[in-house]
Amino acid sequence: MTLLSVRNLRVTFPTRQGEFQAVRGVSFDLGRERLGVVGESGSGKSMTGRAILGLVRPPGRVFADRLDLDGQSILNLPERRMRKIRGNRISMVMQDPKFSLNPVMTIGDQIVEAYRLHAGGARAAARQKALDMLAAVQIRDPERVMGAYPHEVSGGMGQRIMIAMMLAPDPEILIADEPTSALDVSVRTEVLNIMDRLVRDRGMGLIFISHDLNLVAQFCDRVLIMYAGRIVETLAARDLHSARHPYTQGLLNSLPRLDAPQARLPVLERQESWRDGDTIAESLETEFPGGL
Amino acid sequence: MLKVENLNVWFGHAPDRVDAVKQASFHVAEGESFGLVGESGSGKSTILRAIAGLIDTWSGRIEVAGRPLNARRRDLAFYKTVQMVFQDPYASLHPRHSVDAVLSETLRLQGMDDIDRRIARLLDDVGLGRGFRFRYPHQLSGGQRQRVAIARALAAEPRLLLLDEPTSALDVSVQAEILNLLSDLRAEHGLTYVMVSHDLAVVGHMCDRLAVMQGGSIVETMNVDALRQGTASQDYTRQLIAASRGYARA
């Protein structure tokens, strides 16, 4: 069974020039897989993630024909009920750990607080769980890190701490919004390995939002390509380099490559027809409903 | 054009002193494009900032166009030779200055005449129409802002441009436009570039030679062909090249 089913998701914001549609009819299913969402800034990829978690603040509004988690609608739930789902069943890792961790609280206190909020239980048990989670994300000296403040750890470690915090309540779905963009390449691989293991070992569903096409092609199972608030193409990640949509092809071509030097980089010529043209899609359904 | 010898840069005082750059040496010939790569904290941006005069706690020798630099004072002739483009075009433009104000102030500071005509030419040079002249930064996209920042750097008609991650805040399609613009400008004006980037593919595209930095030291200086073929002499460089190829499942 699919974990998450989204049909015709729309997010709108009122502006002085009328209604702005940030997401315009996005549909997809998520199984126990690594689903990449790729697009440029302003394509609506982050807003899609936020809408699923109910994090679009008024005056923004979310509409959908369907937004189901395990067959139950989570569209526009009251905040009190959404809070039970957020963190517990669907978690989110943001781009920059510097802005997502509380700077005046030790890391241990933050993880313990997050865990007890969702799972309750005694402080000592939560502390043990926090230590286990830090070890699970490959932090070598969890005892020391528990007592450290966010400014005392590096960016890569901060991001792993964020992941540890998000994973403590054992969510079914993790939405990772550019989780590695602020990290160096060597640290990036470690963070990706951790998320990869969680998908395989725990059967978690991962929505991996990124602007990095090559990374998504290598890391994910399936990719949605977004342009101007819509999905223009969905395809298996291994087929990304034979993408058919001119926008996807244009993005791929505009990347400089070490193995294929060229004097000038091809520049993307945007077409008005991309905004409302047909989606090139094999199917909305996931090939991996029951796990990889 | 640029000679850097035994450059040390530090921050703070003992016992909290941090040595951000240690004994760095490299030369950049006139008209060449030179890359500095490494992870965050490796000191690559710090070298640029020391050259530009934004950091004065350094020792060693920096020579620009044959003239040694003083750590504390830079004269107008220096800023006519060397200009810098910063990483984040959202932060490097004054939010309440129009494009016209940014460029005319720079031109006036450089003692240029005929400012009106020069602004029009600068905007043409960086591929922005005249219509952009009286816009404010919030009315521009990221790529357009970076074009304004490049126009501001070109206003002094410099010979050496210091580029600090000029495209890392931009989308890949916009990055392609800015990299093409930088290539064109270098060919047109015979500029020399020193470019800092964490993206080896970008440096491979833009530069002739590069230095690889780790922990404040230059571990290797190589040319771009060696980078493309992956024939680095140092383990660290090979790791960096392998990591930049992307993600290989463990």
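This is a short dialogue about reading sheets, helices and a few backbone details in a predicted model.

Me: Before we start, what should I know about the numbering and about the model?
Reply: Residues are numbered from 1 along each chain as its sequence is written, while chains are lettered from A and ligands numbered from 1 in the order in which they are written. Since this is a predicted model, local features need pLDDT of at least 70 and side-chain atom pairs count only at pLDDT 80 or more, whereas totals for chains, interfaces and linings use all residues; side-chain values use heavy atoms, with hydrogens and water left out.

Me: How do I read a sheet, and which strands form the open sheet of 6 strands in chain B?
Reply: Strands of a sheet pair through backbone hydrogen bonds, either parallel or antiparallel. Strands are DSSP runs of E with at least two residues, helices are runs of H or I with at least four, and both are numbered from the N terminus. Two strands pair if DSSP finds at least two bridges between them. Here the order is 6-7-8-3-9-10 in chain B, with mixed pairing. Strand 6 (82-85) and strand 10 of chain B stand at the edges with a single partner strand each, so one side of each has no neighbour in the sheet. On average, neighbouring strands of this sheet are turned by 20° against each other, direction ignored.

Me: Do the edges run parallel or antiparallel to their partners? Take strand 6 and strand 7 of chain B to begin with.
Reply: Those two run parallel, and 4 bridges join strand 6 to strand 7 (residues 160-164) of chain B. As an example, Met84(B) stands opposite Leu162(B) in strand 7. At the other edge, strand 9 (residues 209-214) and strand 10 (residues 217-223) of chain B run antiparallel, joined by 6 bridges. Val212(B) has Glu220(B) in strand 10 as its bridge partner.

Me: What happens at the turn of that hairpin, and what is phi of Gly215(B)?
Reply: The hairpin of strand 9 and strand 10 of chain B has 2 residues between the strands, and Gly215(B) takes a positive phi near 55°. You can compare Glu178(A), a residue other than glycine, whose phi is also positive, near 50°. Glu178(A) is in the loop between strand 8 (173-177) and helix 8 of chain A.

Me: Which helices lie on the sheet of 6 strands?
Reply: Look for contact, meaning heavy atoms within 4.5 Å. Angles come from axes, which are lines fitted to C-alpha atoms (for helices over the stretch in contact), and run from 0 to 180 degrees between N-to-C directions. Helix 6 (residues 172-189) of chain B lies across strand 3 (33-38), strand 7 and strand 8 (192-197) of chain B, at about 155° to strand 8. Helix 9 of chain B touches strand 3, strand 9 and strand 10 of chain B, and its direction makes about 100° with that of strand 9.

Me: What is the order of the open sheet of 4 strands in chain B?
Reply: It is 2-1-4-5, with antiparallel pairing. Strand 2 (18-28) and strand 5 (67-68) of chain B are the edge strands, each pairing on one side only. Inside, strand 1 (residues 2-11) and strand 4 (residues 58-64) of chain B pair over 6 bridges, and Asn8(B) has Ser59(B) as its bridge partner in strand 4. Helix 1 (residues 44-52) of chain B packs on this sheet, touching strand 1, strand 2 and strand 4, at about 105° to strand 1.

Me: How do helices from two chains meet, say helix 8 of chain A and helix 9 of chain B?
Reply: Check distance and angle: the axes of helix 8 (residues 185-202) of chain A and helix 9 (residues 235-244) of chain B come within 9 Å and cross at roughly 50°. They are therefore oblique to each other (under 35 degrees counts as roughly parallel, over 145 as roughly antiparallel, 65 to 115 as roughly perpendicular, and the rest as oblique). Val185(A), Ser186(A) and Arg188(A) meet Leu240(B), Ala243(B) and Ser244(B).

Me: Where are the cis peptide bonds, for instance the one at Pro15(B)?
Reply: Omega is the angle to check. From Ala14(B) to Pro15(B) the bond is cis, with omega near 5°, and Pro15(B) is in the loop between strand 1 and strand 2 of chain B. Another cis bond joins Pro58(A) and Pro59(A), where omega is about 10°.
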